[in-house]
Every structure is written in structure tokens, then in C-alpha cells.
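The following note sets out a few points for a colleague who is beginning to read this structure. Please keep the sequence and the 3D view at hand while going through them.

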Amino acid sequence: MTSSTGPGRVTGARHWWQDAVVYQVYVRSFSDSNGDGIGDLPGITARLPYLTDLGVDALWLTPFYRSPMADHGYDISDQCDVDPIFGTLGDADALLERAHALGLRVIVDLVPNHTSDEHRWFQEALAHPGSPYRERFLFRPPGADGGPPNNWVSVFGGPAWTLDPASGEYFLHLFDSRQPDVNWRHPAVHAEWERILRFWLDRGVDGFRIDVAHGLYKRADLADHPPGLVVEDPIFHASTAPYAWDQPEVLDVYHRWREITEEYDDRVMVGEVFLSELDRVARFVGPKHLHQSFNFPLLAAPLDATTWRNLITASLVAFDVEGASPTWVLSNHDVIRHATRYGGGDEGRARARAATLTLLALPGSIYLYEGEELGLEQDDLPPQARQDPIWLRSGGTVEGRDGCRTPVPWNSVPAGHGFTTGRPWLPLGPQAVSRSVEAERADAGSTWAFYQRALGLRRGAFVGAVRWLELGPELLGFARDHVDGGELVCVLSTGSEQLTVALPGSEVLLASRAGTSASARDVVLPGGAAVWLRRT
Ligand code: GLC
Ligand code: CA
């Protein structure tokens with residue numbers, strides 16, 4: 001039992017997810033067991049000991065359900081079955097069983113905002129415009145000018161409406177045209193997702209990552225987005241229509257789902273709520289709603305001490321909600337890898353380690369993205385290799401997400417790098433040779449060794465609230481209690497010069513960069529580095 005007050009408080013019995021390290025497995029790119037070049041469930045099962053060696057508590061699997069793969073699995077035709085590309089339901093059961101035997105929890109993706117155009121409901125809706133399935137999607141007649149019914153745009157670019165030529169009506173899709181949005185004002189939709197929830201809970205998953213959790217409901221009248229009002233989407237950097245998102249009714253859905261998950265033992269729901277204002281995001285969490293929401297502002301922020309302190313403080317305050325806990329994220333399958341965002345090369349990779357070390361010292365849980373423990377940077381793919389629908393829809397003018405989705409290099413042997421014996425679905429870049437799992441694990445000074453050490457030292461060690469330290473410009477510092485007595489101090493230096501910080505009585509637990517030291521009085525820290533200190 002842990003309990004403390006102030007930001008980051010944990011009240012009542014401690015739940016595994018409240019301070020978990022969750023490793024995001026992008027299923028297509030983790031490990032391929034049958035040589036077709038695409039990662040799959042048996043491939044993941046075989047590699048689970050890698051994750052326990054690294055020291056994570058849980059994994060989150062991106063969608064492995066039946067899908068035509070227009071959005072690489074986020075377009076789902078049957079959410080209660082496994083796509084043959086990824087294996088079988090038996091393989092899912094085997095993965096869960098093996099993970100649990102190793103002490104790892106498993107979170108799976110749940111996609112309620114849209115289906116695939118190949119979903120049985122949508123196929124029925126297209127084939128029989130008079131059928132009851134039609135109302136489970138958002139079909140509308142053309143607008144007054146004969147074009148789309150309103151001016152909403154797709155997050156993936158272009159209009160959010162596509163014409164169904166047979167009926168002359170349009171259907172709404174806030175993402176790809178092959179991902180029709182579901183009508184959450186229809187009761188059958190609620191029943192169906194409750195069935196999906198129970199299907200996976202009964203199979204033993206430890207929770208759900210809820211895709212586009214602020215979506216689902218649209219403004220009932222589907223009114224035009226006010227002209228001139230441009231709202232940037234914080235993940236996709238596309239403009240978005242506010243009437244299409246974050247409607248009050250969506251919270252009732254999570255209220256119901258919380259009741260369902262409470263019928264089971266210690267399960268978690270984490271929402272992908274990509275809204276810029278944290279106060280709006282925080283409405284989604286609490287004892288009657290979701291357990292957690294991703295906290296995305298750091299994905300778009302420079303690694304700068306003042307910016308970080310403000311964002312961390314705002315997050316701790318916003319998510320200081322009973323029955324919830326904060327989360328921290330630096331990379332995922334939708335954004336540029338953080339080593340690249342911080343400048344790339346050795347410097348960018350060193351800064352990425354500093355950022356990670358800082359977040360690992362905070363209350364709450366952290367979601368790591370596969371490959372960040374190897375120090376992977378964004379890969380630059382040739383146009384003919386790219387597959388992201390964002391890139392395809394834009395005719396190659398929008399970068400897209402393929403560069404963070406290239407497969408995990410397990411060894412240095414091209415072209416499969418131990419990921420596959422066949423041809424990888426996305427080519428691995430030149431970094432795969434020096435940053436393979438094999439190379440990183442053989443090197444005591446590697447990013448992998450650093451992550452393993454950090455996760456080991458963190459496990460259950462840092463308790464209580466954050467106490468900010470005033471250390472000066474370009475420095476961020478805070479203290480928490482160490483479970484074995486004394487305090488943990490984390491210092492992050494975001495400038496480029498080496499700095500000396502007066503912190504008497506400190507001993508270095510772990511530094512993100514060589515050249516960090518502590519004497520009886522001071523701590524010397526290079527620029528772009530972070531350190532964990534133990535102070536007595
Ligand atoms: C989420 C996923 C993203 C997907 C989109 C549509 O943002 O993270 O990968 O393309 O939803 O389902
Ligand atoms: Ca495969």
C-alpha cells in the first residue's frame with residue numbers, strides 16, 4: 001500500500017497499473033515467426049523473455065484482429081477474431097498464458113470509433129440501404145451544393161465523407177475512407193462493444209488501450225465546422241473539426257465500461273484522448289470512467305527545462321484524480337521517434353535517454369514504444385517502400401508514420417535482422433546493424449543496458465509526491481522519497497554546456513550520459529543529460 005498526498009497521490013490499495021512500465025508492441029514489426037515478413041502473435045510469444053529481461057511490467061499489443069489492413073489493423077472487420085496474418089485465437093490465448101506465467105500483464109487495443117469497410121455491418125449497410133445496419137453508421141444525403149453533407153475533414157487528410165454511389169448518400173469517416181465511423185447514438189453499437197469487451201476480458205486480457213477515446217460521438221446535428229476556426233490535431237498535425245470530437249455523451253460509455261471492468265479483477269482502461277487541453281483530457285479519467293489517459297503534450301514539446309517543468313506540473317495536477325494515475329509517453333507508432341525529435345544522431349539519442357530517465361522518476365506509469373530501448377531513430381524510407389495511408393492519401397506530400405514502424409532489429413544480419421527469415425514488410429534502415437538487440441545487449445554502455453538498469457532501479461523504489469527544486473536556468477530538478485530511506489533526486493539539464501549543481505550529500509544512482517559525477521558538495525552534469533541521485 002502506498003499513500004501520499006498532493007500531485008501524484010495514490011489512494012487506497014495499490015493497483016499494478018498505477019506505476020507500471022508498459023511496453024508498446026507494434027505487432028506487425030516485433031517478430032515474425034513464419035517468414036512472411038510480418039510480425040505475428042507466435043513471434044511475440046517466443047520473445048516474451050526479452051521483455052522480462054528488460055524489466056517491463058506489461059505490454060500493449062496494437063490491433064491483431066481481422067482486418068483488411070488499410071490502416072494496418074486499425075480498420076477492423078471482426079474484433080473477436082485474430083487476423084490470419086497474425087495467427088489464431090489459440091495463439092492469442094497462448095500469448096496471454098505465457099505472458100502471465102512470466103509475470104507480464106497484457107493490454108490489447110480496442111477500436112470503438114470506426115470499423116473496417118469490410119465489417120459485416122458495413123457490407124450489409126452498403127448492400128441494402130434500407131437495412132437496419134445502415135443506421136449503425138453515419139450515412140447522409142449530399143449537402144445543398146450536391147457535395148459532402150458538411151465541411152468536416154478527415155484526420156488523414158481530405159474530406160471526412162465518401163460517396164456511396166449506389167445510394168447517392170455519403171458516409172462519414174474521420175480517418176481513412178476504409179474506416180467508416182460508427183453511430184454511437186444507436187443502441188446496437190453499445191451492445192456490440194460491450195460484447196467485445198467481455199470477450200477479451202473473459203479470455204484474460206489485463207486491460208484495453210482505447211483508440212481515439214475522445215471520438216465515438218459526433219455532434220447530433222452534424223453541423224458545419226465554423227469557417228475560419230482552425231483547430232490543430234496534436235498527434236496528426238492536421239486540422240480537425242471540433243464538432244466531430246469530445247461530445248459529452250462519450251463519458252457515459254466509459255462509465256458503463258468501468259462497471260463492466262470492475263466485475264473483473266484489477267483490469268485497466270487507458271484512453272487515447274488526443275486533445276490539447278489537459279483539463280479536457282482529465283475529464284475522461286476517474287473512479288467512474290477510465291483508469292488512465294495518455295498524456296500527449298510531451299510528444300510535441302521541445303526538451304527544454306522550463307517547458308518540461310510546466311507540462312509535468314500541469315499533468316500531475318490534471319491527473320491527480322482518485323481512481324486514476326498519470327501517464328508519460330515519449331514515442332508511439334504515430335509520431336516521430338523521440339531520439340530524432342531531439343535532433344537525432346548521438347546527441348539526439350543521448351537527449352532521448354535523459355528525457356526517459358526524467359519521466360521514469362515521476363509518479364504514474366510510462367508507456368515505452370518498441371525500439372526506443374535500442375536508441376532507434378526514425379528510419380527514412382524510400383517512397384516505393386511506404387505504406388501508411390496518411391502518406392498514400394496525400395499523394396506522398398505528408399510524411400506519414402512508416403519511419404517509426406520499421407521492424408525491430410534482433411541481430412545485425414541484413415535484410416531480416418532476426419525479425420524475419422523473409423522480406424520485412426517495411427525495410428530496416430542502416431541503424432539496424434549497430435543497434436540490434438544483439439549488439440546493444442553485448443555492450444554495457446548501450447541504451448539497452450541503460451534502460452534495463454533504470455527499470456530495475458525504479459521498480460517500487462520512488463514513492464510519494466514530487467518536490468520541485470529550484471536549481472537555475474536550463475535545469476529541472478525534483479525530489480521524491482526513496483522507499484529505503486533518504487530521497488531520490490532527479491536532475492535534467494537541457495542546455496548544451498556542462499553545469500555544476502550544489503547538491504551536497506548526493507550519490508549517483510544512474511546517469512544518462514558519461515561525464516556525470518557527484519562529490520561531497522556538487523554534482524557535475526553534462527548538457528543534455530539527466531541523473532538520478534540518492535541523497536541521505
Ligand atoms: C489511433 C491510432 C492510429 C490510427 C488511428 C485510427 O490514433 O493510434 O494508429 O491510425 O487511431 O484508428
Ligand atoms: Ca508472420
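1. In this predicted model, a polar atom in the side chain of Arg535 lies 3.0 Å from the backbone oxygen of Pro504. The pair counts as a polar contact because the cut-off for N or O atoms is 3.5 Å.

2. Where in the fold does Arg535 sit? The residue belongs to strand E23, which covers residues 529-535.

3. Is Arg535 buried or exposed? Its relative accessible area is 18%, and Arg535 is therefore classed as buried, since the class requires a value under 20%.

4. The surroundings of Arg535 deserve attention. Leaving aside residues up to four places away in sequence, Arg535 touches Gly486, Glu487 and Val489, and also Leu503, Pro504, Gly505 and Ser506. Pro504, the partner in the polar contact described above, is thus listed here as well.

5. The second topic is ligand 1. It is surrounded by 16 residues, of which Asp71, Asp211, Glu272, His333 and Asp334 are the closest. By class, this shell holds 7 charged, 6 nonpolar and 3 polar residues.

6. Which side chains offer polar atoms to the oxygen atoms of ligand 1? Among them is Asp71, with a side-chain N or O atom 2.6 Å from an oxygen atom of the ligand. For Arg209, a polar side-chain atom is 2.9 Å from a ligand oxygen atom. An N or O atom in the side chain of Arg401 is likewise 2.9 Å from an oxygen atom of ligand 1. On its own, ligand 1 has 310 Å² of accessible area, and the protein covers 100% of it.

Terms used:
Residues are numbered from 1 along each chain as its sequence is written. Chains are lettered from A and ligands numbered from 1 in the order in which they are written. This is a predicted model: local features need pLDDT of at least 70, side-chain atom pairs count only at pLDDT 80 or more; totals for chains, interfaces and linings use all residues. Side-chain values use heavy atoms; hydrogens and water are left out. A residue is near a molecule or strand if one of its heavy atoms lies within 4 Å of it. A polar contact is a pair of N or O atoms within 3.5 Å; within protein, one must be able to donate a hydrogen and the other to accept it, and residues adjacent in sequence count only if both atoms are side-chain atoms. Accessible areas come from the Shrake-Rupley method with a 1.4 Å probe; for residues, only the protein chains shown count as cover. Ala, Val, Leu, Ile, Met, Phe, Trp, Tyr, Cys and Pro count as nonpolar, Asp, Glu, Lys and Arg as charged, and the others, Gly among them, as polar. Helices (H or I, at least four residues) and strands (E, at least two) are DSSP runs, numbered from the N terminus. Buried means under 20% relative accessible area, exposed over 50%, partly exposed in between (1.4 Å probe, protein chains only). Contact means heavy atoms within 4.5 Å.
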